[in-house]
Amino acid sequence: MACETWHGKLDAYLDGELEPTETSALNAHLRACASCAADALERVQLKRSVASAGRRYEPSSAFRGKIALRGAKPRREIGWQWSVLAVPAALVLIVSIAGSLHLARENARRQRAYSELADLHVAALASATPVDVLSSDRHTVKPWFQGKIPFAFDLPDLQGSEFTLLGGRVAYFAQTPGAHLIYQMRKHEISVFIFPDYGAETTGLPSGAAHALSFNLESWTQDGLRYVVVGDVNPVDIEALGKLLRGS
Amino acid sequence: MADQSLPAATFDDLALPLFDQLYNFARWLTTDTSEAEDLVQETYAKALRGFPSFRAGTNFRAWMYRILRNSFLSTRTGLKTAVAFDEEDPELPQLVESSTPESLLLEQANRQVVQQALDGMPLHFREILLLCEVEEMSYQEIAETLSIPAGTVMSRLFRARKALRSLLQQKLPGGRHGV
């Protein structure tokens with residue numbers, strides 16, 4: 001199929017609305033056509049920009065409490081003799097509703113952060129230049145970041161391991177510049193993100209393993225930096241790379 | 001019809017996790033904090049009243065958003081904002097061609113500029129972009145929320161994205177790509 005035909009289907013493809021047969025055909029086309037791949041990448045970036053900019057407003061805690069108290073429960077007339085039991089029960093209910101609101105908010109925020117990192121991983125790999133410093137030598141890659149990001153970090157010696165360093169680039173997460181390193185293991189590429197561990201988005205990420213958009217992730221903090229490993233390899237391999245980085 | 005024997009907590013289980021998202025959407029629609037709070041409160045009250053008639057198996061999230069949006073449109077602010085529009089939108093600014101790669105534009109784009117661009121868009125474009133990108137709704141869910149055919153969702157989204165690109169391009173100093 002010609003590029004013009006695929007052009008009209010890119011949005012539906014990126015919105016996950018294309019039929020499975022067309023999706024796999026377009027996947028194949030994007031691997032072969034740099035121009036359509038660049039177009040797709042631009043659209044992904046526009047989607048991400050809107051998704052990030054659109055999450056703009058949070059309800060005040062006063063309003064949150066108001067909805068938790070009144071919004072969800074019908075009022076009932078109750079006899080005074082029940083009030084002795086009803087008051088503690090209502091308190092438990094309010095606490096549980098407020099707690100579940102908080103949990104839902106935290107989970108949604110965490111999932112958004114994971115999805116954004118998975119998007120950065122995919123966008124870099126889909127780019128015509130996935131890395132800006134192309135080197136498997138950690139002594140070349142590490143100094144390249146000097147002056148580009150507001151922190152320094154150490155990289156592990158990978159000799160004897162299955163991992164190869166492909167290079168690095170500067171990435172932005174929650175408006176903060178950080179290091180994006182790309183490693184290879186067999187035929188898989190794995191991203192390692194390093195950001196300063198401040199700001200709600202990064203500190204909100206829990207340490208440990210996670211799964212988002214069919215990618216495996218592992219995150220931890222070390223020396224004031226938040227590390228996140230993202231890839232489509234199995235969690236054991238993600239953990240192995242994490243271990244090497246923690247030991248560096 | 002909803003199963004009348006469902007425990008009372010079911011509405012809470014479904015509706016409370018949507019609270020933050022509904023507020024964000026309401027705030028974008030109303031552009032005012034207290035109006036957004038009133039709108040969310042009204043939405044929850046209406047949804048709770050209407051919950052017995054909510055059909056199990058249909059999309060609860062789209063149902064809640066539809067209630068919110070319809071409540072908004074029936075207010076004075078909503079009526080004023082939702083001016084009648086032509087699906088073709090002949091007056092939209094045309095996309096400016098440029099040699100700068102679009103990816104550069106978007107890499108440079110900061111959140112605030114995109115927010116300003118969204119603020120400057122007509123309501124029907126702003127809401128469909130938010131439902132698709134922020135709420136990550138399927139075309140079917142958007143169609144249910146906005147009460148429009150699925151085909152219209154696709155064409156309106158296309159025009160909304162085109163308009164957004166055009167607005168972002170205009171924000172670049174010198175009228176080039178980028179923000």
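I'll start with Asp20(B), which counts as buried at 16% relative accessibility. Keep in mind throughout that this is a predicted model. The residue is charged, so the obvious thing to ask is what Asp20(B) forms a salt bridge with. The partner is Arg64(A), with the closest N and O atoms 2.9 Å apart. That pair crosses between chains, running from helix 5 of chain A, residues 61-71, to helix 2 of chain B, residues 19-30. Arg64(A) is buried as well, with a relative accessible area of 11%.

That takes us to the interface. On the chain A side, 35 residues are in contact with 41 residues of chain B. The area buried between the two chains is about 3,700 Å², and carbon and sulfur atoms give 61% of that. Within chain A, the residues that lose the most area to chain B are Leu46(A), Tyr57(A) and Phe63(A), together 18% of what that side buries.

On the polar side, the count between chain A and chain B is seven salt bridges. There are also 15 residue pairs in polar contact across the interface, both residues being at pLDDT 80 or more. Which elements give two or more residues to the side of chain A that touches chain B? They are helix 2, helix 4 (34-54), helix 5 and helix 6 (80-126) of chain A. Helix 4 of chain A gives the most, with eleven residues.

One more residue belongs in this part of the talk. Gln115(B) sits in helix 7 of chain B, residues 111-119, and counts as buried at 9% relative accessibility. Setting aside neighbours within four places in sequence, Gln115(B) is in contact with Ala53(A) and Arg56(A) from chain A, and with Trp28(B) from chain B.

Back to salt bridges, now over the whole structure. The search finds 19 over all chains. I'll show two that lie within a chain.

The first is Lys9(A) with Glu22(A), closest N and O atoms 2.8 Å apart. Lys9(A) lies in the loop between helix 1 (3-7) and helix 2 (10-14) of chain A, and Glu22(A) in helix 3 (residues 20-32) of chain A, so the pair ties together parts that are 13 residues apart in sequence. Buried or exposed, or something in between, for Lys9(A)? Lys9(A) is partly exposed at 23%, and Glu22(A) is partly exposed at 22%.

The second is Arg161(B) with Glu133(B), the closest N and O atoms again given as 2.8 Å apart. This pair links distant parts of chain B: Arg161(B) is in helix 10, residues 150-170, and Glu133(B) is in helix 8, residues 123-134, 28 residues apart. Arg161(B) and Glu133(B) are both buried. They also belong to a network, in which salt bridges that share partners join them with Asp11(A), Asp15(A), Asp39(A), Arg43(A) and Lys47(A).

Next, the cores. In soluble globular proteins, nonpolar side chains tend to be buried together. Here the largest nonpolar core has 67 residues, and those touching the most other members are Val40(B), Tyr44(B), Phe60(B) and Met64(B). Helix 8 of chain B supplies the largest share of this core, eight residues. To take one of these, Met64(B) is in contact with Ala15(B), Leu18(B), Leu22(B), Thr43(B), Tyr44(B) and Ala47(B), leaving aside neighbours within four places in sequence. A second, separate core of 25 residues includes Phe151(A), Leu158(A), Leu181(A) and Ile194(A).

Two backbone details in chain B. Most residues other than glycine have a negative phi. Thr31(B) has a positive phi of about 55° although it is not a glycine. Thr31(B) is in the loop between helix 2 and helix 3 (33-50) of chain B and is partly exposed, at 48% relative accessibility. Ser147(B) likewise has a positive phi of about 55°. Ser147(B) is in the loop between helix 9 (139-146) and helix 10 of chain B, and at 53% counts as exposed.

Last, confidence in chain A. Chain A averages a pLDDT of 79, and 81% of the residues score at least 70. Among its elements, strand 7 (residues 225-231) has the highest mean pLDDT, 91, and helix 8 (residues 200-203) the lowest, 56. Over residues 71-83 of chain A the pLDDT is below 50, and this stretch has 17 contacts in the model beyond near neighbours in sequence.

Conventions:
Residues numbered from 1 in each chain as written. Chains lettered and ligands numbered in written order. Heavy atoms only, no water. Salt bridge = Lys/Arg side-chain N within 4 Å of Asp/Glu carboxyl O. Helix = DSSP H or I, 4+ residues; strand = E, 2+ residues; numbered from the N terminus. Buried < 20%, exposed > 50% of the residue type's maximum accessible area, 1.4 Å probe, protein only. Contact = heavy atoms within 4.5 Å. Core = buried A, V, L, I, M, F, W, Y, C linked by side-chain atoms within 4.5 Å. pLDDT = per-residue confidence, 0-100. Buried area = accessible area lost by both parts, 1.4 Å probe. Polar contact = N/O pair within 3.5 Å; in protein donor to acceptor, adjacent residues only side chain to side chain.
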